[in-house]
Amino acid sequence: MTAEKINKRVRYFRDEFYELVQQIPYGRVSTYGALARALGDVRASRTVGKLLNENPRPIEVPCHRVVMSQGELGGFGLGLEMKRELLANEGISLVNDMVFDFHSILYTDFESDEPLKFLREEQRSLARCVRAEDDHTPLETVGGLDVAYHGDTGYATLSVWSEGKELRSTTIRGVAHMPYIPTYLSFREMPLLLELLEEVDRMPDMLMVDGNGIMHPRGLGLASHLGVVLDIPTIGVAKSMLCGRLEHEVTPHDPVSPVTLGDTTVGYALLSGSRTKKPIYISPGHRVSPELALETVMRYCSYKLPEPVRQAHITSTKKRNEERCLNG
DNA sequence: GCGACAG
DNA sequence: ATCTTGTCGC
């Protein structure tokens, strides 16, 4: 049910984006960053490039009018020579592949309700419901979650573990409507994960999610979002650091360091696995303390990632590859 | 110029 | 995460 609620908010994100691109007037240019700001967050600039690359209606949606922040040409799916030609046809000249008189033809005055702004507000609001404290429910079973993609078709897997062994796993296939944008991951993956969890008859006592918990600029990474929406204990396990400060470097001799955001400890970096160079980043999702989150992950760490997450990753990737093979 | 940007 | 049309801050 919540899956539909989130999808309703994000289903038309792409269409809204292409409408923004259509606002760029003939004979003018805009930039990836300006479009990202019109979406509501400059962090989306790389996603803007990706969406333009997937532009289903070139010319009609004039993605050739989008260039880089300093007036450099940028990329083009149909070949850069085509982009140069389309710009020349509109009287836009290039010198050394830089837009001539860039600042006087730059268009940034988009009319937009900035959809990412609303999603941020949603995150701030839900973040107030997060409890990063121990819940004292017994942790007999722990589930790991991960999603593998083929384009926007996602294969989401839950792998359930107890006493060091996998008990069962479930995988579903679905479509992600929202593109990936840093700090907005949950709006892409939550609907798939919620559909997956509706399929299972016994919910594990704890879920480990591939992504962050409260170690997030607005305190609501994927693990926290999922934990709050379902009101279940969750832990975030990320492979790189989205935000926060390492208290100290981690080494094989000193493999654990707190990660702080402002003056609070939001989680830990852990160097696990025998030849691992980069740590993983563990934070409470919901109904667990940073310390118990760390302890629980460590208990399941044979390699770099805790087994439930590692196995979910292996299984979802395998399913994706099997189906990709069948389709050609 | 290099590295950071959850997946 | 794939498969490749970025931006910002140091």
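How much area do domain 1 and domain 2 bury between them, and what percentage of it is on carbon and sulfur atoms? The two domains bury about 500 Å² between them, 58% of it on carbon and sulfur atoms; buried area here is the accessible area (1.4 Å probe) that two parts lose on being put together, summed over both. Asp41, Arg43 and Thr47 supply 75% of the area that domain 1 buries against domain 2, more than any other three residues.

This is a predicted model, in which local features need pLDDT of at least 70 and side-chain atom pairs count only at pLDDT 80 or more, whereas totals for chains, interfaces and linings use all residues; side-chain values use heavy atoms, with hydrogens and water left out. Residues are numbered from 1 along each chain as its sequence is written, and chains are lettered from A and ligands numbered from 1 in the order in which they are written.

**Domains**

Chain A is divided into domain 1 (16-115) and domain 2 (125-327), with bounds that come from an automatic or database domain assignment. Their C-alpha centres lie 36 Å apart. Five residues of domain 1 are in contact with eight residues of domain 2, where contact means heavy atoms within 4.5 Å. Two residue pairs, both at pLDDT 80 or more, are in polar contact across this interface. A polar contact is a pair of N or O atoms within 3.5 Å; within protein, one must be able to donate a hydrogen and the other to accept it, and residues adjacent in sequence count only if both atoms are side-chain atoms. The count of salt bridges between the domains is zero, a salt bridge being a side-chain nitrogen of Lys or Arg within 4 Å of a carboxyl oxygen of Asp or Glu.

By that rule the model has a count of 19 salt bridges. One of them joins the side chains of arginine 84 and aspartate 97, at 2.9 Å from N to O. Arginine 84 lies in helix α5 (residues 80-89) and aspartate 97 in the loop between β3 (94-95) and β4 (98-99), so the pair ties together parts that are 13 residues apart in sequence. Helices (H or I, at least four residues) and strands (E, at least two) are DSSP runs, numbered from the N terminus.

**DNA strands**

A residue is near a strand if one of its heavy atoms lies within 4 Å of it. Around DNA strand C there are 22 residues, of which Tyr32, Gly33, Arg37, Asn53 and Arg320 come nearest. Sugar and phosphate account for 64% of the atoms of DNA strand C that come within 4 Å of the protein. The largest share of the surface near DNA strand C, five residues, comes from α4.

Around DNA strand B there are 18 residues, and Tyr180, Asn212, Leu222, Lys239 and Met241 come nearest. Of the atoms of DNA strand B within 4 Å of the protein, 50% belong to sugar or phosphate and the rest to bases.

Polar contacts to the two strands include the following.

| Protein atom | DNA atom | Distance |
|---|---|---|
| Tyrosine 32, polar side-chain atom | Strand C, base oxygen | 2.6 Å |
| Glycine 33, backbone N or O atom | Strand C, phosphate oxygen | 2.6 Å |
| Serine 69, polar backbone atom | Strand C, phosphate oxygen | 3.0 Å |
| Threonine 183, polar backbone atom | Strand B, base nitrogen | 3.1 Å |
| Leucine 185, polar backbone atom | Strand B, base nitrogen | 3.4 Å |
| Asparagine 212, backbone N or O atom | Strand B, base nitrogen | 2.9 Å |
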